Amino acid sequence: MADLTARHSGIGMTSQRTRSRMVERLRGQGIRDEVVLSAMNSVPRHIFVDEALASRAYDDVSLPIGFGQTISNPQIVARMLELVRSGRDLGKVLEIGTGCGYQAALFSKIAREVYSVERIAPLLAKARSALRELGIYNARLRHADGNLGCRDAAPFDGIVVAAASGEVPKALLGQLAIGGRMVLPLGGGGDQQLCLVERTEQGYVEHLLDKVKFVPMLTGIN
Ligand code: SAH
């Protein structure tokens with residue numbers, strides 16, 4: 001247990017001090033939501049990457065997590081969570097693309113109940129054990145194709161998609177609650193843009209935001 005506590009609290013480049021510096025950098029980058037910043041301050045990011053990369057876990061970079069996938073840089077993770085939260089208390093939320101589980105861990109701090117879907121089974125297994133290690137029990141991880149969302153748990157107050165597709169997956173639109181917000185990278189080929197979709201009583205409103213770079217959303221499971 002002492003070992004685990006030491007691993008979480010970290011030393012040097014993985015310490016709480018390094019994490020607090022990351023949060024200060026995020027403020028400088030325009031992240032304002034204190035609830036998101038506090039989650040970023042409390043979740044140890046180095047737990048989610050290979051030990052060999054742990055010293056870079058708090059840098060302003062994306063890092064490889066195996067299977068050709070990456071953990072997004074802290075700024076984009078914070079930006080997406082801030083956009084989806086929009087100052088509200090979140091009930092049930094959905095993440096597509098669990099990856100290493102870092103964003104799911106943050107989501108679990110700002111929402112009541114998290115569903116997260118990943119198509120690569122070994123990544124999901126790693127994410128599960130990281131979340132368990134951190135004592136996070138309000139996140140349910142599913143091995144499935146995220147294009148289909150998570151129908152049995154819908155509707156969701158917020159949806160975050162961590163892989164880019166050419167268009168907004170239809171199933172996800174249907175699983176967004178009225179008043180809900182979805183954030184996703186859009187763009188099949190080269191250029192991608194972050195897109196915010198709001199569902200209102202009247203329908204859907206889309207806003208195109210920052211230029212971004214995500215791994216592609218694939219189909220089927222692996
Ligand atoms: N949120 C993650 C980022 C992971 S990168 C993190 O914090 O680490 C994006 C992830 O989306 C990859 O793990 C990839 O396997 C997954 N992905 C791509 N297409 C998918 C699909 N159709 N369904 C589910 N997951 C998908």
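**Buried rings and charged pairs**

Visitor: Is E113 buried or exposed?
Guide: E113 has a relative accessible area of 17%; the model from which this value is computed is a predicted one. The cut-off for burial is under 20%. E113 therefore counts as buried.

Visitor: Which residue meets the side chain of E113 in a salt bridge?
Guide: The partner lies in strand β5 (residues 139-143) and E113 in strand β4, so the pair ties together parts 27 residues apart in sequence. The partner is partly exposed, at a relative accessible area of 40%. With an N to O distance of 3.4 Å, the residue that meets E113 is R140.

Visitor: How does the ring pair of Y115 and F156 count, stacked or edge-to-face?
Guide: Y115 in strand β4 (residues 111-118) and F156 in strand β6 (residues 156-161) are 41 residues apart. Y115 is buried at 8%, and F156 is buried at 0% relative accessibility. The ring centres are 6.0 Å apart and the planes stand at 65°. An angle over 60 degrees is required for the class, so the pair is edge-to-face.

Visitor: Which residue lies over the face of Y102?
Guide: Y102, in helix α5 (residues 102-110), pairs with F48 from the loop between α3 (34-42) and β1 (63-66), and both rings are buried. That pair is edge-to-face, at 5.6 Å centre to centre. At 4.9 Å from the ring centre of Y102, the residue over its face is R45.

Visitor: Where in the chain does D152, the salt-bridge partner of R142, lie?
Guide: The closest N and O atoms of D152 and R142 are 3.2 Å apart. D152 is exposed at 61%, whereas R142 is partly exposed at 28%. R142 belongs to strand β5, and D152 lies in the loop between β5 and β6.

Methods. Residues numbered from 1 in each chain as written. Predicted model: local features only at pLDDT ≥ 70, side-chain atom pairs only at ≥ 80, totals over all residues. Heavy atoms only, no water. Phe/Tyr/Trp six-rings, centres within 6.5 Å; stacked < 30°, edge-to-face > 60°. Helix = DSSP H or I, 4+ residues; strand = E, 2+ residues; numbered from the N terminus. Buried < 20%, exposed > 50% of the residue type's maximum accessible area, 1.4 Å probe, protein only. Lys NZ or Arg CZ within 6 Å of the ring centre and 35° of its normal. Salt bridge = Lys/Arg side-chain N within 4 Å of Asp/Glu carboxyl O.
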